[in-house]
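Dear colleague,

I am handing over the structure below, and after it I set out what I found when I went through two of its elements. Please read the notes with the coordinates open beside them.

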Amino acid sequence: MALTETEIVAGIGNEYKYGFHDPEDYFFKSGRGLSAELVAAISEHKNEPDWMRKFRLKSLEYFQARPLPAWGGDLTGIDFENIFYYIRPTEKQANSWEDLPPDIKNTWDKLGIPEAEKKYLAGVGAQYESEVVYHKLKEDLESQGVLFLDMDSGLREHEELVKEYFGTIIPQNDNKFAALNSAVWSGGSFIYVPPGVSVDMPLQAYFRINAENMGQFERTLIIVDEGAYVHYVEGCTAPVYSSDSLHSAVVEIIVKPGGRCRYTTIQNWSNNVYNLVTKRAVAYENATMEWVDANLGSKLTMKYPAIWLMGEGAHGEVLSIAFGGKDQHLDAGGKAVHVAPHTSSIITSKSISKDGGRASYRGLLEVAKGAVGSKSKVVCDALILDEDSRSDTYPYIRIDESQVDIGHEATVSKIGEEQLFYLMSRGLSEAEASAMVVSGFVEPITKELPLEYAVEMNRLIQLQMEGSVG
Amino acid sequence: MALLELKDLHVALEDGTEIVKGVDLAVDLGEIHALMGPNGSGKSSLAYALMGHPAYQITEGEALFDGREITELGADERAQLGLFLAFQYPHAIPGVTVTSFLRSALNALRKARAGGEEDPVPVPEFRNDLLAAMEHLKIPRELAQRYLNDGFSGGEKKRVEILQMALLKPRIAILDETDSGLDIDALKIVATGVKELVGPETGALVITHYQRILNYVEPDFVHVFVDGRIVEEGGPELAHKLEAEGYEAFTPEGAEA
């Protein structure tokens with residue numbers, strides 16, 4: 001994570017740094033394919049209450065009944081029968097990195113997670129395949145009543161709280177992939193921040209896929225109580241394989257009156273991962289929800305973090321970056337739904353495409369009747385790096401209230417030969433010059449990231465750029 | 001042999017149109033040369049071609065830097081050898097601050113000088129040098145944190161070009177119409193800045209339409225450039241003659257009249 005500038009530059013030239021994989025020495029690995037028996041077995045293996053087992057089985061029915069979405073990206077390449085839906089790598093969760101099997105510990109070291117935890121995180125959850133193998137929260141937060149657990153432990157230890165909210169923000173039949181997640185979910189984070197408590201340092205979760213044809217289905221539920229604050233950050237990587245893996249998460253967030261939640265994602269899956277994620281938050285009176293969503297990896301991403309502004313004065317922001325390189329299609333964006341009066345939202349999207357890649361903005365802005373005095377601004381900018389690449393914008397807007405203030409701006413630009421020449425005339429190579437233009441293009445978003453993540457983002461951009469002009 | 005030597009240099013656009021039609025010029029360390037010519041004479045094309053702009057091709061002759069032919073080198077490699085171009089119209093790089101850009105550029109040059117090994121400038125040293133140079137060029141501090149040339153006034157852009165020259169310490173700097181768009185106070189600061197940067201380690205080629213900047217830069221040599229060729233050469237007095245008489249005497253039409 002925290003890299004010096006020297007390390008950043010030294011990293012240039014490696015196409016995808018996280019493509020390595022560990023040998024498989026697992027506690028439990030399911031067979032390939034999906035069935036009611038498998039879903040029941042997962043639930044039993046986890047010793048879940050009956051209501052959750054039923055929820056899972058019902059969700060499987062919804063999944064099976066729904067066709068694949070016909071919009072967005074090409075999903076026909078997913079072979080649902082070839083996927084491993086559940087792998088438990090270790091018997092017990094560790095709260096010390098030393099207690100993990102050496103290979104797995106080594107992977108986290110390579111990803112820089114233990115070091116980051118020491119330096120600037122309030123808590124860490126590390127998910128490997130289907131389970132969170134390491135979890136820890138700083139003691140002072142624990143004593144203030146902050147809960148930060150993996151979702152399975154959350155269900156075991158705080159069943160009533162989970163039952164109250166689980167599946168209420170994203171119903172199990174919301175869409176095909178939310179239904180799939182609801183059937184086979186495992187891992188993810190459960191967070192509760194009590195009223196008035198501000199978690200000053202970020203909580204981080206890191207998701208690692210290791211096995212080939214793995215399906216990872218983490219499930220996250222975050223409840224920020226009145227006047228509380230939390231910043232949650234997630235990162236993800238996977239090995240490079242010739243056949244595909246599937247990552248399909250569901251994230252539900254509730255921000256109560258006066259609370260604030262920021263959720264930052266730096267998605268860097270390898271180019272054989274389908275990344276199909278449903279993320280939605282509700283914000284009540286004067287609450288603030290912010291999604292910072294950076295997508296650089298994956299074969300196909302379809303992800304549109306949503307905010308429902310349910311209480312008067314609620315504010316929502318989506319900052320989205322999609323960088324589609326060779327053989328990649330990133331269909332990303334955001335949704336803001338204004339239900340209550342005097343709510344406000346800002347959606348800022350930056351799409352970059354290169355080497356024949358495709359990056360799209362797909363967004364929805366909806367203002368319901370009665371949401372008087374609401375304001376929204378949507379800005380989507382696209383930067384296309386070469387003739388072979390593609391960028392699309394699909395801005396859907398539905399306004400049922402007349403007393404509103406809505407703005408929409410879109411720009412498309414190509415990286416300019418003149419800009420590159422100017423930078424190269426100062427000694428920067430073509431790759432360095434291009435990376436600088438791209439970093440500048442996404443700067444309105446990276447400046448919102450904590451320094452360490454901003455550095456990481458710029459480094460990932462440089463790695464992406466190296467492929468095209470090295 | 002001078003550090004920068006041009007021998008019968010021809011430059012053409014991609015469509016084959018010849019803009020520079022055989023130029024001989026030698027610029028050495030410690031020297032200031034003025035290249036004066038009317039609009040459209042090909043001065044800026046010569047500057048772009050020397051810096052390696054892909055749209056301006058050197059089609060004939062030689063361009064030698066420190067005895068090495070640079071025609072096939074990219075702009076970055078030429079910069080790494082110590083060539084610099086102050087642009088007439090500097091480009092904006094939104095989202096990249098002046099500070100961050102300068103540090104990256106300086107580190108790229110240092111890396112090249114260290115034979116490809118990383119040799120980043122220590123941050124305190126960089127900060128001191130930057131602030132000193134900004135103060136010297138009367139550039140307000142806040143400009144350091146603004147995005148490079150993004151929304152800058154004409155005068156700010158030109159000052160920041162010279163700021164880049166001050167920090168990157170080229171061996172030969174080409175200044176393309178650095179005086180255009182500057183009021184007299186700004187001109188004085190910029191021109192004096194250039195003058196002070198030239199010395200045992202640096203030579204300069206100042207491209208201009210007007211004599212004005214030369215009052216402060218004080219060139220050692222003046223070359224009159226008309227229609228892609230140097231048509232007259234001399235010392236500083238030539239610039240004054242031009243100011244008084246104009247370029248007509250040197251244009252083909254003028255010569256016939």
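**Helix α8 of chain B**

The buried residues of α8(B) pack against four elements of chain B, namely β3 (32-36), α7 (214-217), β9 (221-226) and β10 (229-234). Please keep in mind throughout that this is a predicted model.

The helix itself spans residues 236-245 of chain B, and its buried residues include B:Leu238, B:Ala239 and B:Leu242. These three lie on the same side of α8(B), because they cover an arc of only 105° around the axis. In general, an α-helix has 3.6 residues a turn, so residues three or four places apart point the same way. On the face of α8(B) that is turned away from the buried side, one finds the exposed residues B:Glu237 and B:Ala244. After the helix comes B:Gly246, which has a positive phi, near 80°.

**Strand β17 of chain A**

The second element is strand β17 of chain A, residues 306-309, in which A:Ala306 and A:Trp308 point one way while A:Ile307 and A:Leu309 point the other way, and all of them are buried.

Which strands pair with β17(A)? One is β14 of chain A (residues 273-283), which runs parallel to β17(A) and is joined to it by four bridges; within this pairing, A:Trp308 is the bridge partner of A:Val282. Another is β19 of chain A (residues 329-338), which also pairs with β17(A) in the parallel sense over four bridges, and here A:Ala336 in β19(A) is the bridge partner of A:Ile307.

With best regards

Key
Residues numbered from 1 in each chain as written. Chains lettered and ligands numbered in written order. Predicted model: local features only at pLDDT ≥ 70, side-chain atom pairs only at ≥ 80, totals over all residues. Buried ≥ 20, exposed ≤ 12 C-beta atoms within 10 Å, placed from the backbone. Helix = DSSP H or I, 4+ residues; strand = E, 2+ residues; numbered from the N terminus. Pairing = 2+ DSSP bridges. Arc of directions from axis to C-beta. Contact = placed C-beta atoms within 7 Å.
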